[in-house]
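Got the viewer open? Let's take a walk through the chain, one selection at a time.

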Amino acid sequence: GGVVQEDLLSWCQESLHVLTGNKPVPEECCSKQKEESQNLIVDRSVIFTENQRTLAVDYLEYLAKSLGYQHISRQKWQKSFRAENFLMAEHRKDYIVNYENLVVTIPGTEHPEELVIIGAHYDVQNSFSRCWTGKEPKGQYAVTQGADDNGSGTIGCMALLKQFANKQFKRTIKVVLFDGEEPGVINSLCSGSLYFTRSEHMKYKIEEGEEYWACKECTFLNV
């Protein structure tokens, strides 16, 4: 057991380093790039199309395929919205952005119509995503590039896929990596969880005064 856990931990650490731009994406999943610097996932900001969110999805799909999964799909949609919550005035404007969810499906053997959904969002609020270091004076933050929110949850989902590889389950399992989930920047009508919920014909509810929490029935890892 210890050897397996050590291998899983090392795999997760390596994957998180790549997802947060500390190591380049493997050449085999981004052959179109020429320079190593272009293979870094530096920016997964939620409101911009021209960044490395697409490269991030390419990498996550590459990981899933390397684990032997065949039922992989990418849900793509486009949304226009007006960002009003930015501190910098020049960013408060209208945007048209392409979004993309990654869905990995493990078909159920006995009750395939029953779904178990596990997910996390891979986008970040901005490319300088920070977390508090816990040091005084208060306000000391370290740039994490979304490692804490929500790279850890994303790689946690991938770790489950690694553990689930070559196993069968009675019910269908869908591991979903969501785009467009940072509620402080865009409203819930742009969110990947809402798009996924609608695509699965699941029930969803947007309550009055709670526009940023689109889907009560579809939760995701944010750890």
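Start by selecting Asn166, just after helix α3: its phi is positive, at about 65 degrees. Keep in mind as you look around that this is a predicted model.

Now step back into the helix itself. Select α3, residues 147–164. Which of its residues are buried? They are Asn150, Gly151, Gly153, Thr154, Ile155, Cys157, Met158, Ala159, Leu161 and Phe164.

Pick Met158 out of that list and show what surrounds it. Leaving aside neighbours within four places in sequence, Met158 is in contact with Trp11, Leu60, Leu63, Ala64, Leu67 and Leu177.

**The nonpolar cores**

Met158 also takes you into the largest nonpolar core, a set of 34 residues. Val25, Tyr59, Leu60, Tyr69, Met158, Leu161 and Leu177 are the members that touch the most others. Colour by element next: α1, α2, β2, β3 (111–121), α3 and β6 each give two or more residues to this core. Helix α2 gives the most, with 7 residues. There is a second, separate core to find as well; its 7 residues include Phe81, Tyr95, Val97 and Tyr99. As background, nonpolar side chains in soluble globular proteins tend to be buried together.

**A threonine in a loop**

Go to Thr20, in the loop between α1 (2–19) and α2. Is Thr20 buried or exposed? Its relative accessibility is 3%, so Thr20 counts as buried. Turn on the side chain and you'll see that it reaches the backbone oxygen of Leu16 at 2.7 Å. Beyond its neighbours within four places in sequence, Thr20 is in contact with Ile41, Arg44, Thr144, Gln145, Gly146 and Ala147.

**Salt bridges**

Time for some charged pairs; the count for the model comes to 9 salt bridges. Try Glu14 and Lys23, whose side chains meet at 2.8 Å, N to O. Both ends are partly exposed: Glu14 has 36% relative accessibility, and Lys23 has 34%.

Next, select Glu61 and Lys65, which form a salt bridge at 3.3 Å, N to O. Both sit in helix α2 (residues 53–66), 4 residues apart, or about one turn of the helix. In an α-helix there are 3.6 residues a turn, so residues three or four places apart point the same way. Check the surface around this pair: Glu61 counts as buried at 14%, whereas Lys65 is exposed at 52%.

Then jump to Arg74 and Glu100, with a salt bridge of 2.6 Å, N to O. This pair links distant parts of the chain: Arg74 is in strand β1 (residues 72–82) and Glu100 in strand β2 (residues 94–106), 26 residues apart. Arg74 is partly exposed, with a relative accessible area of 26%, while Glu100 is buried at 8%. Add Asp58, Glu61, Lys65 and Lys76 to your selection: salt bridges that share partners join these residues with Arg74 and Glu100 into one network.

**How far to trust it**

Last stop: colour by pLDDT. The mean for the protein is 78, and 67% of its residues reach 70 or more. Which elements have the lowest and the highest mean pLDDT? Strand β4 (residues 130–132) has the lowest, at 59, and strand β6 (residues 171–178) the highest, at 95. Finish on residues 208–221, where the pLDDT is below 50. Beyond near neighbours in sequence, this stretch has 42 contacts in the model. Where pLDDT is low, the predicted coordinates should not be read in detail.

How values were computed. Residues are numbered from 1 along each chain as its sequence is written. This is a predicted model: local features need pLDDT of at least 70, side-chain atom pairs count only at pLDDT 80 or more; totals for chains, interfaces and linings use all residues. Side-chain values use heavy atoms; hydrogens and water are left out. A salt bridge is a side-chain nitrogen of Lys or Arg within 4 Å of a carboxyl oxygen of Asp or Glu. Buried means under 20% relative accessible area, exposed over 50%, partly exposed in between (1.4 Å probe, protein chains only). A polar contact is a pair of N or O atoms within 3.5 Å; within protein, one must be able to donate a hydrogen and the other to accept it, and residues adjacent in sequence count only if both atoms are side-chain atoms. Contact means heavy atoms within 4.5 Å. pLDDT is the predictor's confidence in each residue, from 0 to 100. A nonpolar core is a set of buried Ala, Val, Leu, Ile, Met, Phe, Trp, Tyr and Cys residues joined through side-chain atoms within 4.5 Å.
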